[in-house]
Amino acid sequence: MNLKKIARIKREYGLITKIRKKNPFNIAFKKGLEHRTAPNLLKQNFKVNQPDKVYSTDISYLFYHGGKRAYLSATKDLATKEIVAFNISKELDLYSTYGNFAEFLKSKDCSDLIIHSDQGWHYTHPLYVNKLKEFGVTQSMSRKGNCLDNAPIESFFGHLKDEVDLKSCQTFDELKIKVENYIYYYNNERCQWNLNKMTPAQHRCHLLNPPA
C-alpha cells in the first residue's frame with residue numbers, strides 16, 4: 001500500500017504510530033577526550049556464556065509529566081540478560097553513571113570483566129575510567145556514532161519505553177517506582193530466552209517454538 005492510503009486508514013481508525021526518538025546521548029562526545037576512548041572489543045559479538053564477564057551499559061532519557069526529563073543509567077549482563085545495576089536521577093552527572101555501579105562491583109571479581117559503552121563523555125571521563133581501573137575492569141567502546149555496537153542495552157531501553165507509560169507519571173517518585181517495577185519484571189518474570197538457564201525440556205520447547 002502507498003503512504004497516502006496508510007495515512008487515510010490511520011485517520012479513519014484513530015491509529016497512532018509510536019516512533020522512537022534518537023537518543024541525544026548516543027552522539028554526545030567531546031573531541032578533547034578522544035584519546036581516552038577504548039577499543040571496540042566486542043565487535044557486536046553479544047553471545048556470552050558466563051555471567052559477570054561482559055556488561056553493556058548506557059544512559060537514556062525518560063520524559064514524564066509534560067516534558068520533564070529524568071535519566072536512567074543501566075548496566076546489562078550479556079549472559080543472563082539481566083539489568084545488574086541501574087540509577088534513576090533528575091540530573092545527568094558522573095555519579096549517576098558510576099555511583100550505584102561502583103557499589104555493585106565491590107562484591108564482584110572483576111579481573112575478567114569487560115564493560116562496553118558508547119563514547120559518551122561520562123565513559124571517557126578520567127573519574128569513570130580510573131574508577132573502573134580500580135576494580136580491574138576492562139573498557140570496550142562502540143565505534144563513534146554507531147548505536148548497533150551497543151545493541152543489548154539499547155534494546156532494553158526500547159522495550160522499557162514501549163511497554164511502560166512513563167509520560168503519565170506526575171512526579172519523579174512515581175516515574176522511579178514504575179521503572180524499578182519494570183526492571184524487576186524484566187529480570188525475574190519476562191522470558192529472556194537464555195539457553196544457559198533452560199532445562200532440557202525448556203530447550204526443546206525453545207527449538208520448537210522460537211521467540212519472535
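**Exercise 1. Place Ile-6 in the fold, then describe its surroundings on the surface.**

Ile-6 belongs to helix 1, which covers residues 3-13. The model used in these exercises is a predicted one. Next, look at accessibility: Ile-6 has a relative accessible area of 34%, so the residue counts as partly exposed. Finally, look for its partners: Ile-6 joins Met-1 and Leu-3 in a nonpolar surface patch, and together the three have about 370 Å² of accessible area.

**Exercise 2. Find the salt-bridge partner of Arg-8 and say how the two residues are arranged.**

Start with the distance. The closest N and O atoms of Arg-8 and Glu-12 are 3.2 Å apart, and a salt bridge requires a separation within 4 Å, so the pair qualifies. Now place the partners: both lie in helix 1, four residues apart, which is about one turn of the helix. For the last step, compare their accessibility with the classes. Arg-8 is partly exposed at 36%, whereas Glu-12 is exposed at 51% because the exposed class begins over 50%.

**Exercise 3. Work out which parts of the chain the salt bridge between Asp-112 and Lys-53 links.**

The two side chains meet with an N to O distance of 3.5 Å. Asp-112 sits in the loop between helix 2 (94-105) and strand 4 (114-117), while Lys-53 sits in the loop between helix 1 and strand 1 (54-64). The partners are 59 residues apart, so this bridge links distant parts of the chain. Asp-112 is exposed, at 51% relative accessibility, and Lys-53 is partly exposed, at 25%.

**Exercise 4. Is Asp-149, the partner of Arg-143, buried or exposed?**

First confirm the contact: Asp-149 and Arg-143 form a salt bridge whose closest N and O atoms are 2.8 Å apart. Then read the accessibility of each side. Asp-149 has 0% relative accessibility and is therefore buried; Arg-143, at 47%, is partly exposed. To close the topic, the salt-bridge count comes to six.

**Exercise 5. Classify two of the aromatic pairs by their geometry.**

A search of the whole structure gives ten aromatic pairs. One of them joins Tyr-123 and Tyr-128, with 5.3 Å between centres and 75 degrees between planes, an edge-to-face arrangement. Both tyrosines, Tyr-123 and Tyr-128, are buried. Another joins Phe-156 and Tyr-182 at 6.3 Å and 35 degrees, which is tilted. Phe-156 lies in helix 5 (residues 151-163) and Tyr-182 in helix 6 (residues 172-188), 26 residues apart. Phe-156 and Tyr-182 are both buried.

Notes:
Residues are numbered from 1 along each chain as its sequence is written. This is a predicted model: local features need pLDDT of at least 70, side-chain atom pairs count only at pLDDT 80 or more; totals for chains, interfaces and linings use all residues. Side-chain values use heavy atoms; hydrogens and water are left out. Patches are made of residues with over 30% relative accessible area and no salt bridge: like charges are joined within 9 Å, nonpolar side chains (Val, Leu, Ile, Met, Phe, Trp, Tyr) within 5 Å. Accessible areas come from the Shrake-Rupley method with a 1.4 Å probe; for residues, only the protein chains shown count as cover. Helices (H or I, at least four residues) and strands (E, at least two) are DSSP runs, numbered from the N terminus. Buried means under 20% relative accessible area, exposed over 50%, partly exposed in between (1.4 Å probe, protein chains only). Rings of Phe, Tyr and Trp (its six-membered ring) pair if their centres lie within 6.5 Å; planes under 30 degrees apart count as stacked, over 60 as edge-to-face and the rest as tilted.
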